[in-house]
Amino acid sequence: MNFEFNEEQKMLKESMHRWFQDNYSFEQRRIIADSEEGISREHWSTFAELGWLSIPFSEDHGGFGGNVIDIAAMMEEFGKVLLLEPAISSLILFGGLLESGSNKTLAASTIPQIIDGSLLGSLATYEPQARYDLSDIATTANADGDNYILNGQKSIVLGGAHADQFIVSARTSGGQTDEAGISLFVLNRDQVIISTQRMMDGQVVADIVLDSVKVPSANLVSKVDAGYDLLVSTLQTANVALSAESVGIMNVLNQTTIEYTKTRKQFGVPISSFQVLQHRMVDTFMACEQSKSMLYGTLCELTDDTTTDHERAMAVNALRTLIARNGKLIGDEAIQMHGGMGITDELDVGHYVKRLLMINLIFGNGDFYQKRYNQLAYG
Amino acid sequence: MLNDPLYQKRLSDIEIELKALEYTELRVIASLSSGATPGPESSLLKIKGTEIQQLLQELRMETIGAHSGSLTQEDFSSELQQFGSVARQGYMYGRAATIYGGSNEVQRNVIAKAVLGV
C-alpha cells in the first residue's frame, strides 16, 4: 500500500457507496435500527450476493482472500453509513477466529455459510468482572469424556442478539487471569441463555449465561488451552477495522459540520464566516487527516512481512489511542457547532457521535491502549 | 523517570502524534510523486509539525528540571548544566516556530479558505 487504496479497493468502495446511496439513507437506516433485531437480514443476503461477506476469507473457503487493507477499505464505507449489520462480530471476530484457528474441519464447514449469508456468528468472550482484560476468564470448561461442560457468563456480546452460533472462550486450565488455559468453543444459539439490550449506537447486544452446556471437542476452534493468542491476533484485526470505521465516521461528521455552518445564520451572516469556528473546524480537519494517516501507515506496517509482532502491537495500540482522542474531539466539536440539535434523535450527527463513543468503549478505551503502548515502548 | 506513568503518557502523546505526522508527510510525498503540486496540506504539516516540536521542547526542559534555567552558554561546569542550557535555548527559540513562516493562525485561515471552503 502506497498510502492509497489500489484500483480494486477503490472500485469496491465506489460500488458500496452507490449501493448505500440507494438503500441506506439515514431514514432507511432508522427503520432497521428501530426493528426488533436491529439489523436487516435482507440486506445481509444482498451483501452476500454482492460478495462483500467473502472479503476477509481465504480462497480455500470460497472467500475473496482479502487482507487487512481490504477489510479497512470496506469498514471505512460501513462507517460512513453507520452500518448496523454485524460486520465486526460475524465476519471479523467469529469468522476471523475460525479462519485462523487450527480446526480446519470446523472452518471448512462453517465459513462458507458465513460467506453465503445464511449464518450469523458472534464472539462471546468478555465477562462482567473483566472490563477489557482478554485473559480474565472465569467461565469454566470441564472435560467429560469426549465433551466439555461449560459454565459461566459473558456480557455485552456484540451481534449476540441475532447470532446463530457463538464462539465462547472458557477456562480449561490455570487461574482466572492466566493467558494459558483458555480454550475457544463453537456453540449453537439454543444452547445458551440470552438476554438482549439496546446500546446507544443502535446495536442490540446480548448478555449470555452458560448453564452446564455440553460441547463436543470437535467444536474446539483451536487446540485446548491455546486460545489466548488467537483471541489477541483476531482482536488486533478488529481494532484496525473499528479504526477504519471511525475514520469513515470522522469524515462524515466534519463534512456535515462544515455544510451546516455555511447554512446556519446568526447576526445576519452564516456562522462559518466566524474565525473562531473556522479555526476549530481546521483543528477537526487536521484530527481527521492525522487519523487517516495513522490508519494507512498502520496498514502498511501490518502488511509488511518484516514487521515484528512487537511492532504490530505497538502500531495498533498507537492507532487506537489516536483514534480515541481525535474521535472525541471531532464528535464533541460536531455537537457544539451544530448547537443543541446536534444531540437530537432527528439529526444524524448525534448518531455518528454515539457510534464513535461506543467504539471508544468496546475492546478498550484510549487510556487502555495508550497504557499498552507505553508498556511496549518504555516497559 | 521513564517508569513514571504520567511521564510515559506525555512522551507517548507526542510520539503518537509525531508518528501520525510522519505518515501524513508520506501521504503528501506519495501524492506529489504521482504528479500533484503541493497544496494547502503543507499548512497542515506546518501547524502540526511546529506544535509537536514545541511540546517536545517543553518536555525536554521539564525532563532536566531546574538546570534548564541556566543562562550559561559556554564553559559548562557539568553535563546537567549543558543539557539544561541547551534545552532552555531550544524551548525559547522554538516559540518562534508557530510565529514565523506564516503564523499558525494564518495557516488555519489558509486551510479554512482553501480546503474547507468556509
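This passage describes salt bridges in a predicted model and the surroundings of one helix that takes part in them.

Side chains of opposite charge can pair when their charged atoms come close. Over all chains, 25 salt bridges were counted. Three pairs and one network are described here.

The pair A:Glu7 and A:Lys10 lies within a single helix, helix 1 of chain A, which covers residues 7-23. The closest N and O atoms of this salt bridge are 3.8 Å apart. The two residues are separated by three positions, about one turn of the helix. An α-helix has 3.6 residues a turn, so residues three or four places apart point the same way. A:Glu7 is exposed, with a relative accessible area of 55%, and A:Lys10 is partly exposed, at 33%.

A second salt bridge is formed by the side chains of A:Glu245 and A:Arg355, with an N to O distance of 2.7 Å. A:Glu245 belongs to helix 7 (residues 228-263) of chain A and A:Arg355 to helix 10 (residues 348-359) of chain A, so this pair ties together parts that are 110 residues apart in sequence. A:Glu245 has a relative accessibility of 3% and counts as buried. A:Arg355, at 8%, also counts as buried.

The third pair involves both chain A and chain B. The side chains of B:Lys19 and A:Glu301 meet in a salt bridge of 3.9 Å, N to O. Because B:Lys19 lies in helix 1 (residues 5-33) of chain B and A:Glu301 in helix 8 (residues 275-302) of chain A, the pair joins two chains. B:Lys19 is partly exposed, with a relative accessible area of 32%, whereas A:Glu301 counts as buried at 18% relative accessibility.

Salt bridges also link residues in a network, made up of A:Lys13, A:Glu76, A:Glu77 and A:Lys80.

Helix 10 of chain A, which holds A:Arg355, was examined further. This helix has 12 residues and spans 17 Å from its first C-alpha to its last, close to the 16 Å expected at 1.5 Å a residue. Helix 10 of chain A is mostly covered, with nine of its 12 residues buried. Among them are A:Val349, A:Gly350, A:His351, A:Tyr352 and A:Val353. A:Arg355, A:Leu356, A:Met358 and A:Ile359 are buried in this helix as well. The buried residues of helix 10 pack against helix 2 (26-34), helix 4 (68-80), helix 7 and helix 9 (309-338) of chain A. Helix 7, one of these packing partners, is the helix in which A:Glu245 lies.

Key
Residues numbered from 1 in each chain as written. Chains lettered and ligands numbered in written order. Predicted model: local features only at pLDDT ≥ 70, side-chain atom pairs only at ≥ 80, totals over all residues. Heavy atoms only, no water. Salt bridge = Lys/Arg side-chain N within 4 Å of Asp/Glu carboxyl O. Helix = DSSP H or I, 4+ residues; strand = E, 2+ residues; numbered from the N terminus. Buried < 20%, exposed > 50% of the residue type's maximum accessible area, 1.4 Å probe, protein only. Expected span 1.5 Å × (residues − 1). Contact = heavy atoms within 4.5 Å.
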